[in-house]
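Here are my notes for when you have the model open. I'd start with the polar pair in the first point and then work outwards.

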Amino acid sequence: MRIGQKVRFDPFADAKCADVGAIRGTVTGTIVAIYPNHHWFSVAWGNKQRTSFHISDVGSVVTLIG
């Protein structure tokens, strides 16, 4: 895992609303920060959207590309 690496994930995987099925699907983002001491990393995706994941999410929630 490195800054600038592409990742794929479903940003609405844990959403609990009636219409979420219409918007579910995977997106591609870019790792913009890694915080190894706290075991998480931040991903930018879409139109200025950003989310963070625990490093243990790699392989189950987040797929590294390349």
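1. Start with serine 42: its side chain is in polar contact with the side chain of arginine 50, at 2.7 Å. Keep in mind that this is a predicted model, so the distance is computed from predicted coordinates. Serine 42 sits in strand S3. Is serine 42 buried or exposed? With a relative accessibility of 2%, serine 42 counts as buried, because the cut-off for that label is under 20%.

2. Now look at what surrounds that serine. Setting aside residues up to four places away in sequence, serine 42 touches Thr30, Ile31, Val32 and Ala33, and also Arg50, Thr51 and Ser52. Arg50 therefore turns up twice for serine 42, in this list of contacts and as the polar partner.

3. A quick step back to the whole chain. The secondary structure amounts to 1 helix and 5 strands, and the order along the sequence is β-α-β-β-β-β. The chain has 66 residues, and 23% of them count as buried. Of the contacts with a separation of 6 or more, 40% are between residues 24 or more positions apart. The chain exposes about 4500 Å², with carbon and sulfur atoms supplying 52% of that.

4. Which residues make up the largest nonpolar core? There are 8 of them: Val7, Phe9, Ile31, Phe41, Val43, Trp45, Phe53 and Val62. Strand S1 (6-9) and strand S3 (40-45) each put in at least two of these residues, and S3 gives the largest share, with 3. As background, nonpolar side chains in soluble globular proteins tend to be buried together.

5. Valine 7 is a good core residue to click on. Valine 7 belongs to strand S1 and counts as buried, because its relative accessibility is 0%. Beyond its neighbours within four places in sequence, valine 7 is in contact with Val27, Thr28, Gly29, Ile31, Val43, Val62, Thr63, Leu64 and Ile65. One of these contacts spans a long stretch of sequence: valine 7 and threonine 63 are 56 residues apart along the chain, yet their C-alpha atoms are 5.5 Å apart in space.

6. Phenylalanine 53 is another core member worth displaying. Not counting residues up to four places away in sequence, phenylalanine 53 touches Phe9, His39, Trp40, Phe41, Val43, Val61 and Val62. Several of those are core residues themselves, including Phe9, Phe41, Val43 and Val62.

7. What about tryptophan 40? Tryptophan 40 also lies in strand S3, but at 29% relative accessibility it counts as partly exposed, because that value falls between the 20% and 50% cut-offs. Apart from neighbours within four places in sequence, tryptophan 40 is in contact with Ile34, Tyr35, Ser52, Phe53, His54 and Ile55. The C-alpha atoms of tryptophan 40 and serine 56 are 8.3 Å apart, with their positions 16 residues apart along the chain.

8. Last, check the surface. Met1, Ile55 and Leu64 make a nonpolar patch of about 210 Å². Leucine 64 is in strand S5 (residues 63-65), and its 31% relative accessibility is why leucine 64 counts as partly exposed. Two of the patch residues have come up before: Ile55 among the contacts of tryptophan 40, and Leu64 among those of valine 7.

Technical notes: Residues numbered from 1 in each chain as written. Predicted model: local features only at pLDDT ≥ 70, side-chain atom pairs only at ≥ 80, totals over all residues. Heavy atoms only, no water. Patch = residues over 30% accessible without salt bridge, like charges linked within 9 Å, V, L, I, M, F, W, Y side chains within 5 Å. Areas by Shrake-Rupley, 256 points an atom, 1.4 Å probe, with all protein chains shown as cover. Salt bridge = Lys/Arg side-chain N within 4 Å of Asp/Glu carboxyl O. Helix = DSSP H or I, 4+ residues; strand = E, 2+ residues; numbered from the N terminus. Buried < 20%, exposed > 50% of the residue type's maximum accessible area, 1.4 Å probe, protein only. Core = buried A, V, L, I, M, F, W, Y, C linked by side-chain atoms within 4.5 Å. Contact = heavy atoms within 4.5 Å. Polar contact = N/O pair within 3.5 Å; in protein donor to acceptor, adjacent residues only side chain to side chain.
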